[in-house]
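Work through the exercises below with the model open. Try each task before reading its solution.

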Amino acid sequence: MKIINHRLCRDDDTPYPFRVSPNIGDTLKPEFLVMHYTAGRNFDQSVSWLVNPAAKASAHLVIGRDGSVVQLVPFNKVAWHAGSSSWQGYTGLNNYSIGIELDNVGIVNPSPTGDFRSWFGDAVPVEQVIQAQHKNETISRYWQLYTPEQLFVALEAAGTIIQQYGLKDILGHDDIAPGRKSDPGPAFPMMTFRSRLLGRSASVSDEGETYVTTANLHIRKAPDQTAATLPNSPLPLNTRLKATGMENGVWKEVEVLDNIKNLKGQIGWVHSRFIVAK
Ligand SMILES: [Zn+2]
């Protein structure tokens, strides 16, 4: 990816689709990247809402669950994604940040039929759900997972933006509006984004290297998102893993080191985006 005239483009210079949002402010000199989830029904509806004047909201990018990208606001214009917010002496983070929305319903609740329901009642399959405690809360809830395709694209877009504008940090909406906002929440691998994009820790892939999970992470029988998971998957956040040296694309074969959920000593495949070298 690259940025031309404040528009996100593919490597061949073709811009990603652009839908003009009227919900914008003045010129932006961004210093931060702020990550969000849409809490919407789907990508198209979220995009339609964010270009509707009635929303009084927007974001620079929206990224779908299949990795689709649409830009709504050029990166040199203020988008209305943060609302009332503050961070380290900054207030009103719209004026200092680029906002990326990820298509994700956010908090889900168990239903009597065994799956989960979004806040607006749509079914969310159990494979798309993790149980986790939000860093601003003391109780555990259920959250829709982001997809690997979506996070892969988000990571690349975030890296391109951070480099182009020399941004100093990646924040969650829940960092700058704690209590009021829960997005992007515990299903978002913020530690991975920070370590990969801000150079806060190196990534090594040597055999025997120890890793730690940066999200609740499924461990699978084969290097494929549709492969069966090991019993008691997913691995909790901060589970220690040892690489076997086997790799397949973004997948890495690992042995579980922690005595957790009866998985110690088990070997399986994990998506390498959500582990960091320890
Ligand atoms: Zn948000």
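The exercises cover the domains, the metal site, two helices, the cores and one loop residue.

This is a predicted model, in which local features need pLDDT of at least 70 and side-chain atom pairs count only at pLDDT 80 or more, while totals for chains, interfaces and linings use all residues. Residues are numbered from 1 along each chain as its sequence is written, and side-chain values use heavy atoms, with hydrogens and water left out.

**Exercise 1. Domains**

Task: State how the protein chain is divided into domains, and give the separation of their centres.

Solution:
- Step 1. Domain 1 spans 2-105 + 146-197, and domain 2 spans 210-277. These bounds come from an automatic or database domain assignment.
- Step 2. Taken over C-alpha atoms, the centres of domain 1 and domain 2 are 29 Å apart.
- Step 3. Ten residues from domain 1 and ten residues from domain 2 make the contact (heavy atoms within 4.5 Å).

**Exercise 2. The zinc site**

Task: Find the protein donors of the zinc ion and place them along the chain.

Solution:
- Step 1. Donors are N, O and S atoms within 2.8 Å of the metal (3.2 Å for Na, K and Ca); water is not among the atoms, so sites may look incomplete.
- Step 2. H36 (ND1), H173 (ND1) and D183 (OD) qualify, at 2.0 to 2.1 Å from the zinc ion.
- Step 3. Their spacing along the chain reads H-x136-H-x9-D.
- Step 4. H173 sits in helix α3 (residues 173-176) and D183 in the loop between α3 and α4 (190-197), so this pair ties together parts that are ten residues apart in sequence. Helices (H or I, at least four residues) and strands (E, at least two) are DSSP runs, numbered from the N terminus.
- Step 5. Check burial: buried means under 20% relative accessible area, exposed over 50%, partly exposed in between (1.4 Å probe, protein chains only). H173 is buried at 4%, and D183 is buried at 5%.

**Exercise 3. Helices α1 and α4**

Task: List the buried residues of α1 and of α4, and name elements that cover them.

Solution:
- Step 1. In α1 (residues 43-50), F43, S46, V47 and L50 are buried. They lie on the same side of α1, because they cover an arc of only 100° around the axis. The arc is that of the directions from the helix axis to the C-beta atoms.
- Step 2. The cover over these α1 residues includes β5 (61-63), β6 (69-71) and β10 (97-102).
- Step 3. In α4, the buried residues are M190, T192, F193 and S195. Their cover includes β4, α2, β16 (169-172), α3 and β21 (275-277).
- Step 4. Just after α4, G199 has a positive phi of about 65°.

**Exercise 4. Nonpolar cores**

Task: Which residues touch the most other members of the largest nonpolar core?

Solution:
- Step 1. A nonpolar core is a set of buried Ala, Val, Leu, Ile, Met, Phe, Trp, Tyr and Cys residues joined through side-chain atoms within 4.5 Å.
- Step 2. The largest has 51 residues, and L8, L33 and I161 touch the most other members.
- Step 3. Helix α2 (residues 148-165) gives this core its largest share, nine residues.
- Step 4. Another core, of eleven residues, lies apart from it; V47, V51, A55 and V73 are among its members.

**Exercise 5. L28**

Task: Is L28 buried or exposed?

Solution:
- Step 1. L28 lies in the loop between β3 (24-27) and β4 (32-37).
- Step 2. L28 is buried, because its relative accessible area is 4%.
- Step 3. Leaving aside neighbours within four places in sequence, the contacts of L28 include H60, F75, Y96 and I98.
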